[in-house]
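Morning, everyone. I'll take a few minutes to walk through the side-chain contacts in one model, so pull it up and follow along.

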Amino acid sequence: MLLSGFGTFLWLLNMAMLVLAVVALAFSLLARDDAYRAADKQSKKFWLILLGVTVAVNLFVPILFLQIAGLVATIVFMVDVRPAIRQISGGGGRRGGSSSDGPYGPYNGGR
């Protein structure tokens, strides 16, 4: 019983790593090539290859050591490279204004 629960946990962990790697690969594909250079990061080609290999390892060669190495690369991309690229590309959070802004300007509650 305990062993089957551990197997389920490993399967869920494998799926979580795969989903995270696929999401990182999609973000890498959608970013502009010049944004990587402007942010002083590795090239787009480098990240596409690294994240593509990570997805392939998670899908076809579920060796835990290789999966963890790919997870580290994915986390580095998501917490370091992606925010730098978004800042360069102008894709940051809110597009100005406050949470009370309507389509024609700020809403002040009829005051």
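Let's start with aspartate 80, which is partly exposed, at 36% relative accessible area. One caveat before going further: this is a predicted model, and every number I quote is computed from it.

So what does aspartate 80 form a salt bridge with? The partner is lysine 41, and the closest N and O atoms are 3.1 Å apart. Lysine 41 sits in the loop between α2 and α3, while aspartate 80 belongs to helix α4, so this bridge ties together parts that are 39 residues apart in sequence. Lysine 41 is partly exposed too, with a relative accessible area of 27%.

How many salt bridges turn up in a search of the whole structure? Three. Another one pairs aspartate 33 with arginine 37, at 3.4 Å from N to O. Both of those residues are in helix α2, which runs over residues 33-38, and they are four residues apart, about one turn of the helix. Is arginine 37 buried or exposed? Exposed, because its relative accessibility is 58% and the cut-off for that label is over 50%. Aspartate 33, at 40%, is partly exposed.

Then there's the bridge between the side chains of arginine 32 and aspartate 34, 3.0 Å from N to O. Arginine 32 has 42% relative accessibility, which makes it partly exposed, and aspartate 34 gets the same label at 34%.

Okay, on to the rings. The structure holds three aromatic pairs. Phenylalanine 46 and tryptophan 47 make up one of them, an edge-to-face pair with 5.3 Å centre to centre and 85 degrees between the planes. Phenylalanine 46 comes out partly exposed, at 36% relative accessibility. Tryptophan 47, on the other hand, is down at 6%, and that counts as buried.

Tryptophan 47 has a ring partner in phenylalanine 77 as well: the centres are 5.5 Å apart and the planes meet at 55 degrees, so that pair is tilted. Which helices does it link? Tryptophan 47 lies in helix α3, residues 44-60, and phenylalanine 77 in helix α4, residues 64-89, so the pair ties together parts that are 30 residues apart in sequence. Both tryptophan 47 and phenylalanine 77 are buried. Put Phe46, Trp47 and Phe77 together and you have one aromatic cluster.

Now have a look at serine 28. You'll find it in helix α1, which covers residues 2-30. Serine 28 is buried, with a relative accessible area of 0%. What does its side chain make a polar contact with? That would be the side chain of tyrosine 36, at 3.1 Å. If you skip the neighbours within four places in sequence, serine 28 is in contact with Tyr36, Lys44, Trp47, Leu48, Leu51 and Phe77. Two of those names, Trp47 and Phe77, you'll recognise from the aromatic cluster.

One last thing to click on: arginine 82 lies over the face of phenylalanine 27, 3.7 Å from the ring centre.

To recap, if you only save a couple of views, I'd take the lysine 41 and aspartate 80 salt bridge, and the cluster of Phe46, Trp47 and Phe77. That's it from me.

Notes
Residues are numbered from 1 along each chain as its sequence is written. This is a predicted model: local features need pLDDT of at least 70, side-chain atom pairs count only at pLDDT 80 or more; totals for chains, interfaces and linings use all residues. Side-chain values use heavy atoms; hydrogens and water are left out. Rings of Phe, Tyr and Trp (its six-membered ring) pair if their centres lie within 6.5 Å; planes under 30 degrees apart count as stacked, over 60 as edge-to-face and the rest as tilted. Buried means under 20% relative accessible area, exposed over 50%, partly exposed in between (1.4 Å probe, protein chains only). Helices (H or I, at least four residues) and strands (E, at least two) are DSSP runs, numbered from the N terminus. A charge sits over a ring if NZ of Lys or CZ of Arg is within 6 Å of the ring centre and within 35 degrees of the ring normal. A polar contact is a pair of N or O atoms within 3.5 Å; within protein, one must be able to donate a hydrogen and the other to accept it, and residues adjacent in sequence count only if both atoms are side-chain atoms. Contact means heavy atoms within 4.5 Å. A salt bridge is a side-chain nitrogen of Lys or Arg within 4 Å of a carboxyl oxygen of Asp or Glu.
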